[in-house]
Amino acid sequence: MNKEISSKRKWIFRIIALIIVLIVAVIMFIVGRGHTIYFDNKSIDYNGSTLKAFDKVEVKVKGEQVAKLRERDRGMYDTMGQSFDMDLIITEGDGSTKAVHVGMGLPYSIDGIVLNLPALLAGAPENVYMSEFVSQAVESEPEDEEPVTDEFGITMEEEPTVDEG
């Protein structure tokens, strides 16, 4: 009888542990994952026309200014979750300003998201205004020549030139 109670108790603890793990997984799914969002204020060609970059645009998230961009500038913001809201204050060359609120869902599959602001506000499709950030890794130059070694495995260097002038 004691062995039967111990076995039931073991199964109860296993089920409770599994329930706790599932609850944590659901909470993490709801909270979402972290994303780095890059804001590009660059002109872009779309459908045979050029969507011109803004003279100046301020990006505010949760009331806090996170980027102030001129033409061809990029800013960034780190966020958690699968939805993102921002306010854009656009200043044109004549000094007129316009405020725009933008809310969007973020894809699960991308960590670094680049948003082209002129394309976003022009109503271009998601594949035009949103792309994945890919860092440009610096590649080392391959060595064309193999070092010359003597029969003992010692690397030979060029002999110094002597100027007899």
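Biologist: Leaving aside its neighbours within four places in sequence, with which residues is valine 59 in contact?

Modeller: Contact here means heavy atoms within 4.5 Å. In this predicted model, once neighbours within four places in sequence are left aside, valine 59 is in contact with Phe39, Glu64, Gln65, Val66, Ala67, Leu69, Met86, Asp87, Leu88 and Leu117.

Biologist: At which pLDDT do side-chain atom pairs count?

Modeller: The pLDDT is the predictor's confidence in each residue, from 0 to 100. Residues are numbered from 1 along each chain as its sequence is written, and side-chain values use heavy atoms, with hydrogens and water left out. In this predicted model, totals for chains, interfaces and linings use all residues, local features need pLDDT of at least 70, and side-chain atom pairs count only at pLDDT 80 or more.

Biologist: Which element of the protein has the highest mean pLDDT?

Modeller: The protein averages a pLDDT of 84, and 81% of the residues score at least 70. Helices (H or I, at least four residues) and strands (E, at least two) are DSSP runs numbered from the N terminus. Among these elements, helix H1 (residues 2-31) has the lowest mean, 87, while the highest, 95, belongs to strand S4 (residues 56-61).

Biologist: What pattern does the protein follow along the sequence?

Modeller: The protein has 3 helices and 10 strands. Read along the sequence, these elements follow the pattern α-β-β-β-β-β-β-β-β-β-α-α-β.

Biologist: In what order do the strands of the antiparallel open sheet stand?

Modeller: Two strands pair if DSSP finds at least two bridges between them. S4 and S5 pair in the antiparallel sense over 6 bridges, 5 antiparallel bridges join S4 to strand S7 (residues 83-91), and S7 pairs with S8 over 9 bridges, again antiparallel. The 4 strands therefore form an open sheet with strand order S5-S4-S7-S8.

Biologist: Which residue stands opposite valine 59 in S7?

Modeller: In this sheet, the partner of lysine 60 in S5 is glutamine 65, and that of isoleucine 90 in S8 is lysine 98. Opposite valine 59 in S7 stands leucine 88.

Biologist: Which residue takes a positive phi in the hairpin of S7 and S8?

Modeller: This hairpin has 5 residues between the strands. A positive phi near 95° is taken there by glycine 95.

Biologist: Which strands stand at the edges of the mixed sheet?

Modeller: In this open sheet, 4 strands with mixed pairing take the order S6-S1-S9-S10. S9 and S10 run antiparallel and are joined by 3 bridges, with leucine 115 opposite methionine 130 of S10. Two strands have a single partner each, so one side of each is left without a neighbour in the sheet: S6 and strand S10 (130-132).

Biologist: Which element supplies the largest share of the largest nonpolar core?

Modeller: Such a core is a set of buried Ala, Val, Leu, Ile, Met, Phe, Trp, Tyr and Cys residues joined through side-chain atoms within 4.5 Å. Of its 26 residues, Phe39, Val59, Phe84, Met86, Met104, Leu115 and Leu117 touch the most other members. Strand S1 (34-41), S4, S5, S7, S8, strand S9 (112-116) and helix H2 (117-121) each supply at least two residues. The largest share, 4 residues, comes from S7.

Biologist: What percentage of the residues in the protein is buried?

Modeller: Buried means under 20% relative accessible area, exposed over 50%, and partly exposed in between, using a 1.4 Å probe and protein chains only. Of the 165 residues, the buried share is 27%.

Biologist: With which residue does aspartate 40 form a salt bridge?

Modeller: A salt bridge is a side-chain nitrogen of Lys or Arg within 4 Å of a carboxyl oxygen of Asp or Glu, and the structure holds 2. Aspartate 40, in strand S1, counts as buried at 7% relative accessibility. The closest N and O atoms of the pair are 2.6 Å apart. The partner lies in strand S6 (residues 73-80), 34 residues away, and is arginine 74.

Biologist: How far apart are the closest N and O atoms of arginine 72 and glutamate 71?

Modeller: Arginine 72 is exposed, with a relative accessible area of 63%, whereas glutamate 71 is partly exposed at 32%. In their salt bridge, the closest N and O atoms are separated by 3.9 Å.
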